Number of protein chains: 2
Amino acid sequence: MHKDSNQTKYSMLISYLKEEILLGRIKPGEQIPSENTLAKKLSLSRHTVRKAISMLANEGYVYTEHGRGTYCADRNKTRVETKNIGVITTYISEYIFPRVVQGIDRVLSENGYSIILKNTGNNTEKESAYLEEMLEKNIDGLIIEPTKSAMYTNNLKYYEALENHGIPYVFIHGYYQKMEDKPQVILDDEAGMYSVASYLTELGHREIIGIFKADDIQGINRHKGYARALARIGIPYNPDNVIWFYTEDRAVKPAATIRTMLENKHGIDAVACYNDEIAFKVYETLRDFGVRVPEDVSVTGYDDSYFSSNCPVKLTTVNHPKDMLGEAAARLLLEMMKNPAMGREQTRKVIVPELVVKDSCAKK
Amino acid sequence: MHKDSNQTKYSMLISYLKEEILLGRIKPGEQIPSENTLAKKLSLSRHTVRKAISMLANEGYVYTEHGRGTYCADRNKTRVETKNIGVITTYISEYIFPRVVQGIDRVLSENGYSIILKNTGNNTEKESAYLEEMLEKNIDGLIIEPTKSAMYTNNLKYYEALENHGIPYVFIHGYYQKMEDKPQVILDDEAGMYSVASYLTELGHREIIGIFKADDIQGINRHKGYARALARIGIPYNPDNVIWFYTEDRAVKPAATIRTMLENKHGIDAVACYNDEIAFKVYETLRDFGVRVPEDVSVTGYDDSYFSSNCPVKLTTVNHPKDMLGEAAARLLLEMMKNPAMGREQTRKVIVPELVVKDSCAKK
DNA sequence: CAGTTTAACATGTATGCACAAGTAATTTTA
DNA sequence: TAAAATTACTTGTGCATACATGTTAAACTG
């Protein structure tokens, strides 16, 4: 420290440390001496050292961590915090979305962040537009439910841009297959459907119809769980027992196909449905056909929604830890913002849902 | 200074001064009390006061002049459009909230705006905190569903501050009685319940039980419509036929009271319920008691939600133009931002809901 | 040896004191 | 009366001390 002496002590210390950092003698991430060490070495009071360091922190040269120490910042990467987090959702399942957003909001609000909300309506072009808008808005982080997660996406460039800008993001509820190593919080759909299908086989059912959604990764995974559960006890996979539908079909196709099966006397022991809404429709179709649930046919739903509890025969289903999903995503994002260099193992969180047994299944 | 006590002293002082500035009680250019004055008045050390002031200076709220004093900065001069609109909602009716937000989002997104979302969980203190946060975030406008709209509020100062800063705001779904001339988009709850109750009287019913929520303005207004419809055809108002409940009661009290009435052979021709959820529970209670709907007793809901369509006997109800409500609020706000000097007549929008006749009512 | 406790050390909050230095109004002085 | 000195304020710099709180690694314990 060899500066003009008509300056103040703290400003001398500031210029000294600044120089060390700018000349690369203290490297980004490197710890600088503790306040007490500096004070002793330079014969200053701790207060004076502290003032210098706090001003350096304000200018972005260093950052402090309570209880650990003070570190040299990487000045190329520091951006202005907006305290806003982007949240992009897709097609809104009315009974899932609000709770997930609530979970996210709870955690983020506690930490002084706000949500900027966008809905894509499962429209890929809107997803592009909103990702671009988020980049412009200088958000501090992003939580996104991918649009048509089982299909091809050409929005990869936006995710790269986010990475280049050092803006962390977390997939929620689904992911693109090209990006399966990216940060994500998802439900184990395969395990969920596996437990449902296993439950049905254990009740003695063999002709188990499966109804799955074809354009979401959730549908793909639930189908896997279904197939695995049947395979486990040696039931050969029968494509005639599987009904696939798309977002656009969902109000008609599943119920109509079941009706056709009934008319054609296709053997049915049980129906494992993609979700409660489908299960509710299947229940109504069976009832209208004079088939009793669960005495003649067992039916299962998925999501543990109001469809499951409002159905005259309460539907056995799989719970959907909506709040937890949102909270977990928000927590992961907060951690990533704190510690930008998190390993891949730490950024994938899988929540295993649980079977909820109600009244719609019986032994064969 | 009346902030939470688990904060530090200097941060309490910071929030106090920030509030004074944001609410316009200290005006730009005005001198704030000297460090010693503040220290003495608040029983703090000068150092603590100094720390608070230096942080405020860093954030641009004040500026200091050596030897002269500390002054309030003019933050309006640095304000730019953020293209962000604040949306504050309260207790989340899961089946209403997402659609309203969707409606708001559709209109705002079309115009290049984004939503910053906050939920108060019907907690007045959270409402304060979020209003303050919105003021800090430099939003371009605000749509807010008031918390506990039938009760007293002491958040008026924040609305005044919004006006001082030239930030337009719109109440949605409810309003405070002290602020009934402020911009708002609401449903005509009185008219809605009036049409339901009139429908029931026209079917020949006379002993009409009414179930209403006591802590929302909606409940108060629906009760008015109920009373007016009965009065119209000369039925005297009978308090024994009216059941009041609170947010905390809602799962138990309405159904329990109906059960008691049945046990006491209280005459019941029809039950007009506050909403579909209540109506669903009432239906179940009647069914369990062996009372047929609609042959013995007619039941009506309100909101045209999934409860109405999932009920074994589809419930006659009143539609809730959720999307329209959100859209109307967003449009009104956009107009106000364009033309800041809008007259009062133009800023109040009342949407009249419509009766939706289904299967739960019959002639007497 | 895995799990817990403890001690050492980091930053964070808060107080007290002393004096430096800039500003503005009042008082004194030539 | 005009310039200078005084005085009473303001913010700025600096030191000593105390205890609170978070982190980490070494020591201890079952």
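This report walks through a predicted model of two protein chains and two DNA strands, one topic at a time.

## How chain A is laid out

Let us start with the layout of chain A. Its domain 1 runs over 9–72, and domain 3 covers 189–319. Domain 2 is written in two pieces, 84–187 and 323–351. If you look for domain 1 and domain 3 of chain A in the model, their C-alpha centres are 64 Å apart.

## Around DNA strand D

Now turn to DNA strand D, which has 24 residues around it. Which residues are the closest? They are A:Lys9, A:Tyr10, A:Thr48, A:Arg68 and B:Arg46, so you will need to look at both chains. By class, the residues of this surface are made up of 14 polar, nine charged and one nonpolar.

Several elements each supply at least two residues to the surface near DNA strand D. From chain A these are α1 (9–22) and α3 (46–59). From chain B they are α2 (35–42), α3 (46–59), β2 (62–65) and β3 (69–72). The element that gives the most is α3(A), with four residues.

What part of DNA strand D does the protein come within 4 Å of: sugar and phosphate, or bases? Sugar or phosphate holds 73% of those DNA atoms, and bases hold the rest. Two side chains make good examples on the phosphate side. An N or O atom in the side chain of A:Tyr10 is 2.4 Å from a phosphate oxygen of DNA strand D, and the side chain of A:Thr48 also places an N or O atom 2.4 Å from a phosphate oxygen of that strand. For an example on the base side, look at A:Gly67, where a backbone N or O atom is 3.0 Å from a base nitrogen of DNA strand D.

## Around DNA strand C

Next comes DNA strand C, which is surrounded by 24 residues. The closest are A:Arg46, B:Lys9, B:Tyr10, B:Thr48 and B:Arg68. Of the atoms of DNA strand C that come within 4 Å of the protein, 74% are in sugar and phosphate.

Three phosphate contacts are worth finding in the model. A polar backbone atom of A:Glu35 is 3.0 Å from a phosphate oxygen of DNA strand C. In A:Thr70, a polar side-chain atom is 3.2 Å from a phosphate oxygen of this strand. From chain B, the side chain of B:Arg68 has an N or O atom 2.8 Å from a phosphate oxygen of DNA strand C.

Which elements each supply at least two residues to the surface near DNA strand C? Chain A offers α2 (35–42), α3, β2 (62–65) and β3 (69–72), while chain B offers α1 (9–22) and α3. The largest share is three residues, and it comes from α3(B). The classes here are 14 polar, eight charged and two nonpolar residues.

## Where the two chains meet

The protein chains also touch one another. The contact takes 31 residues from chain A and 31 residues from chain B. The area buried between them is about 2600 Å², with carbon and sulfur atoms giving 47% of that area. How many salt bridges are counted between chain B and chain A? The count is zero. There are, however, 18 residue pairs in polar contact across this interface.

On the side of chain B that touches chain A, the elements giving two or more residues are α3, α4 (97–110), β5 (114–119), α5 (124–136) and α11 (306–310). The largest share comes from α4(B), with seven residues. Sorted by class, this side of chain B has 14 nonpolar, 10 polar and seven charged residues.

## Backbone details to look for

Finally, here are some backbone details. Most peptide bonds are trans, and most residues other than glycine have a negative phi. In chain A, the bond from A:Val293 to A:Pro294 is cis, with omega near 5°. A:Pro294 sits in the loop between α10 (276–288) and β12 (298–300) of chain A. In chain B, a cis peptide bond links B:Val293 and B:Pro294, and omega is about 5°. The loop between α10 (276–288) and β12 (298–300) of chain B is where you will find B:Pro294.

What about phi? A:His173 is a residue other than glycine with a positive phi, near 75°. Look for A:His173 in the loop between β7 (169–172) and β8 (184–187) of chain A.

How values were computed. Residues numbered from 1 in each chain as written. Chains lettered and ligands numbered in written order. Predicted model: local features only at pLDDT ≥ 70, side-chain atom pairs only at ≥ 80, totals over all residues. Heavy atoms only, no water. Polar contact = N/O pair within 3.5 Å; in protein donor to acceptor, adjacent residues only side chain to side chain. Nonpolar A, V, L, I, M, F, W, Y, C, P; charged D, E, K, R; others polar. Domains from an automatic or database assignment. Contact = heavy atoms within 4.5 Å. Buried area = accessible area lost by both parts, 1.4 Å probe. Salt bridge = Lys/Arg side-chain N within 4 Å of Asp/Glu carboxyl O.
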